[in-house]
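This report describes selected elements of a structure with more than one chain. It proceeds from a single helix to two sheets and then to a contact between chains.

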Amino acid sequence: MRPSRKILIGVVLWTGAISGLHFRLNVDWSALGNDYLAENLRKLHVAYIPVTCHLTCPVTDYISRRSQSGNIFLPRMFQGFPEIKEALISNKMQAGFMVAPMAIALRAQGVPIRIVYLGHRYGSAVVVRKDGPVQTFPDLRGRTIAVPSRFSDERLLVFRAMKHFAVKPEEIRMVEMAPPDVAGALAVGAIDAFSMGEPYPSQAEMGGYGKVLFLAREYWPDYISCVLVVRQDVIDQRPEVVQELVDGIARSGLWLEQGRPYREHAADFVGRFYYRQDPALLRWALTNPLDRVMYTPLSPFKQDFDTIRDLMIETGVLDRAIEFEEYVDTRFAEQARSQAAWSYEPGSPQ
Amino acid sequence: MKKFSWLPPTIFVAILVVAWHIAAARQAVPIIPGPWAVLQGIGELARKGLLVKYVVASVFRVTWGYLLAVATAIPFGLFLGWRRRAEMALNPALQVLRPISPLAWIPIAILWFGVGDLAAIFLIFLASFLPLTMSAMNAVRNIPAIYLQAGSNFGLSERQLMWKVLYPAVLPQLLVGLRLALGIAWMVVVAAEMIAVNSGLGFLIIDSRNAGNRYDLVVAGMVLIGAIGLLLDTGMRSLERLRSLRWGYGTD
């Protein structure tokens with residue numbers, strides 16, 4: 001046989017073999033098949049990232065799969081907010097969890113999405129090195145603090161604390177950093193503090209090098225970090241599917257608030273099957289103490305969002321006073337109020 | 001002497017590993033893992049079945065992105081090399097596109113192809129397409145004019161000239177270009193997988209970052225990427241050594 005023919009046959013065999021293996025091992029056929037169903041049968045793709053603010057998403061998926069009605073939507077784990085934003089814009093995802101100011105900014109820029117529900121309350125903290133030079137907030141003068149994004153409530157939280165301590169914004173250097181990197185950066189001294197959502201404060205605490213300087217609620221009662229957004233076209237054309245999604249999230253929130261065994265069980269299955277994080281880390285974040293992160297009430301309230309919007313304008317990440325009704329649709333949250341927690345016992349067989 | 005040609009590289013790698021071990025052991029805060037922890041990390045991935053899954057996913061994406069680029073870029077590059085006018089018309093545009101890193105295309109790739117294999121394959125395709133086009137084009141241009149003149153003197157038609165003179169003449173240079181492009185494709189797969197795919201070695205790295213203090217798996221991902229890159233390069237080199245392709249090198 002001629003060598004060029006041999007090479008060609010080799011390439012074809014190789015491509016066939018590797019494609020077959022990939023389709024068998026890595027492709028989620030149910031999610032792929034969903035896109036070819038009739039539109040009224042299609043499930044929503046819901047984007048999340050592995051942080052505790054988005055915990056209700058995997059919890060809903062896990063429990064609903066074990067209920068009689070089956071799963072409600074197709075969750076999809078992302079690694080960062082910019083990718084979620086792009087997937088939403090291009091309609092590859094129909095819903096997703098993201099930091100509240102980013103959702104407001106996107107809507108203000110004309111992206112057709114609406115906030116329908118919250119991810120959680122509280123659950124963010126400012127963390128410093130345990131034996132480092134920063135022991136009080138004013139010690140941060142002239143030092144560096146990391147925040148997840150310019151469009152994050154964690155950044156706005158630092159500004160609230162600045163006001164409280166009469167520290168000027170230019171006195172603290174703020175850098176944007178991917179959440180997974182901050183605990184390591186703090187450990188080696190690349191930053192002096194970070195303001196992040198869980199489980200990253202817990203990670204620094206568990207590692208023994210970080211200490212919580214303050215929790216979000218100390219300077220911001222009713223603090224919100226992440227919200228659930230849905231594309232406007234889905235809200236208009238298939239409100240019943242959006243309602244089902246919000247109901248499911250609401251039931252998971254109530255389920256998580258039933259006590260320690262529920263939270264420990266969630267830490268276990270979410271850590272192992274969804275976030276691929278050590279369940280001990282999530283357990284720390286969810287139970288240390290129990291109200292470190294709260295999953296009720298998750299209805300969006302105007303006054304909370306007005307606070308966020310005004311702080312955004314004040315700190316230069318929003319250029320107009322967009323109204324609450326323009327970027328939030330409260331009807332799904334109102335309907336979901338009659339929901340009860342999932343009847344799913346913690347410790348049920350997996 | 002040839003018998004022990006494996007010895008110097010092995011010794012060098014061993015020195016690197018020992019230096020790594022010492023440096024890891026001497027850190028003030030134990031964050032960067034040593035070689036042993038990384039090896040255990042690889043073992044853990046293998047036990048969970050993730051090792052095979054992730055390697056397959058990465059190799060799958062590189063295979064498709066790279067082969068699509070080979071299938072389109074080489075005819076395109078040969079054409080440009082053969083037709084001076086086409087080259088003069090298109091080359092400036094290609095030179096503008098060439099320095100744009102494939103990573104800069106990530107947002108566009110997500111908007112066009114969403115999240116999944118297609119976006120990653122598109123990025124790998126982009127990364128290998130232009131280097132392959134350039135090397136095919138240059139390969140044609142570097143053919144000594146006398147080959148073509150001799151061919152036409154023998155009365156070959158343009159089509160015959162392409163198959164009988166041009167194709168065999170460019171093959172050795174093309175192989176070097178293919179090898180370099182495969183290296184680039186393999187480098188880009190990691191970056192491509194850091195966007196929203198949920199498998200592959202690039203995903204392993206970003207996923208381990210998210211998993212808290214699992215820098216052993218981050219470095220395990222790096223080691224695996226390096227090792228597979230070495231295998232791919234060795235495979236391409238063995239193609240170069242095929243007898244029928246080797247004539248272009250003249251020596252030995």
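## A helix of chain B

In helix H2 of chain B, the buried residues are B:Val38, B:Gly41 and B:Leu45. Viewed down the axis of H2(B), these buried residues fall within an arc of 55 degrees, so they line one face of the helix. The model is a predicted one. On the other side of H2(B), the exposed residues are B:Trp36, B:Gly43, B:Ala46 and B:Arg47. Helix H3 (50-82) and helix H10 (215-240) of chain B are among what covers the buried residues of H2(B).

H2(B) comprises residues 35-47, a total of 13 residues. From its first C-alpha to its last, H2(B) reaches 18 Å, close to the 18 Å expected at 1.5 Å a residue. After H2(B) comes B:Gly49, whose phi is positive, near 80 degrees.

## The sheet containing E3 and E11 of chain A

In chain A, five strands form an open sheet with mixed pairing, in the order E2-E1-E3-E11-E4. Its edge strands are E2 (74-77) and E4 (113-118) of chain A, each of which pairs on one side only. From one strand to the next, the twist averages 30 degrees.

Strands of a sheet pair through backbone hydrogen bonds, either parallel or antiparallel. The table lists pairings of this sheet, each with one pair of opposed residues.

| Strands | Bridges | Direction | Opposed residues |
|---|---|---|---|
| E1(A) and E3(A) | two | parallel | A:Val46 and A:Ala95 |
| E3(A) and E11(A) | five | antiparallel | A:Met98 and A:Val227 |
| E4(A) and E11(A) | five | antiparallel | A:Arg114 and A:Val230 |

A further pair between E3(A) and E11(A) sets A:Phe97 opposite A:Leu228.

How many residues of E3(A) are buried? Five of its five residues are buried, and the strand is mostly covered. E11(A), which spans residues 226-231, is likewise described as mostly covered, with six of its six residues buried.

In a regular strand the side chains alternate between the two faces of the sheet. Both faces of E11(A) are covered. On one side A:Cys226, A:Leu228 and A:Val230 are buried, and on the other A:Val227, A:Val229 and A:Arg231 are buried. A:Val230 is thus named twice in this account: as a buried residue of E11(A) and as the residue opposite A:Arg114.

Two helices of chain A are described against this sheet. Helix H5 (residues 100-108) packs on the sheet and touches E3 (95-99), E4 and E11 of chain A. The direction of H5(A) makes about 115 degrees with that of E3(A). Helix H11 (residues 239-256) of chain A lies across E1 (45-48), E3, E4 and E11 of chain A, running at about 30 degrees to E4(A).

## The sheet containing E9 of chain A

Another open sheet of five strands in chain A has the order E8-E7-E9-E6-E10, again with mixed pairing. E8 (173-176) and E10 (210-215) of chain A stand at its edges, each with a single partner strand, so one side of each is left without a neighbour in the sheet. The twist in this sheet averages 30 degrees from one strand to the next.

E7 (residues 144-147) of chain A is joined to E8(A) by four bridges, and the two strands run parallel. In this pairing, A:Ile145 stands opposite A:Met174 in E8(A).

Helix H6 (residues 153-165) of chain A lies across E6 (124-129), E7, E8 and E9 (193-197) of chain A, running at about 130 degrees to E9(A). H7(A) lies across E6, E7, E9 and E10 of chain A and runs at about 150 degrees to E9(A).

## The contact between chains A and B

How many residues does the contact take from chain A and from chain B? Chain A gives 32 residues and chain B gives 29 residues. On the side of chain A that touches chain B, the elements giving two or more residues are helix H1 (3-25), helix H4 (81-89) and helix H7 (179-187) of chain A. H1(A) supplies the largest share of that side, nine residues. By class, the side of chain A that touches chain B has 16 nonpolar, 10 polar and six charged residues. H7(A) therefore appears in two settings, since it gives two or more residues to the side that touches chain B and lies across strands of the sheet that contains E9(A).

Terms used: Residues are numbered from 1 along each chain as its sequence is written. Chains are lettered from A and ligands numbered from 1 in the order in which they are written. This is a predicted model: local features need pLDDT of at least 70, side-chain atom pairs count only at pLDDT 80 or more; totals for chains, interfaces and linings use all residues. Two residues are in contact if their C-beta atoms, placed from the backbone, lie within 7 Å. Ala, Val, Leu, Ile, Met, Phe, Trp, Tyr, Cys and Pro count as nonpolar, Asp, Glu, Lys and Arg as charged, and the others, Gly among them, as polar. Two strands pair if DSSP finds at least two bridges between them. Axes are lines fitted to C-alpha atoms, for helices over the stretch in contact, and angles run from 0 to 180 degrees between N-to-C directions. The expected span of a helix is 1.5 Å times one less than its number of residues. A residue is buried if 20 or more other C-beta atoms lie within 10 Å of its own, exposed if 12 or fewer, and partly exposed in between; C-beta atoms are placed from the backbone. The arc is that of the directions from the helix axis to the C-beta atoms.
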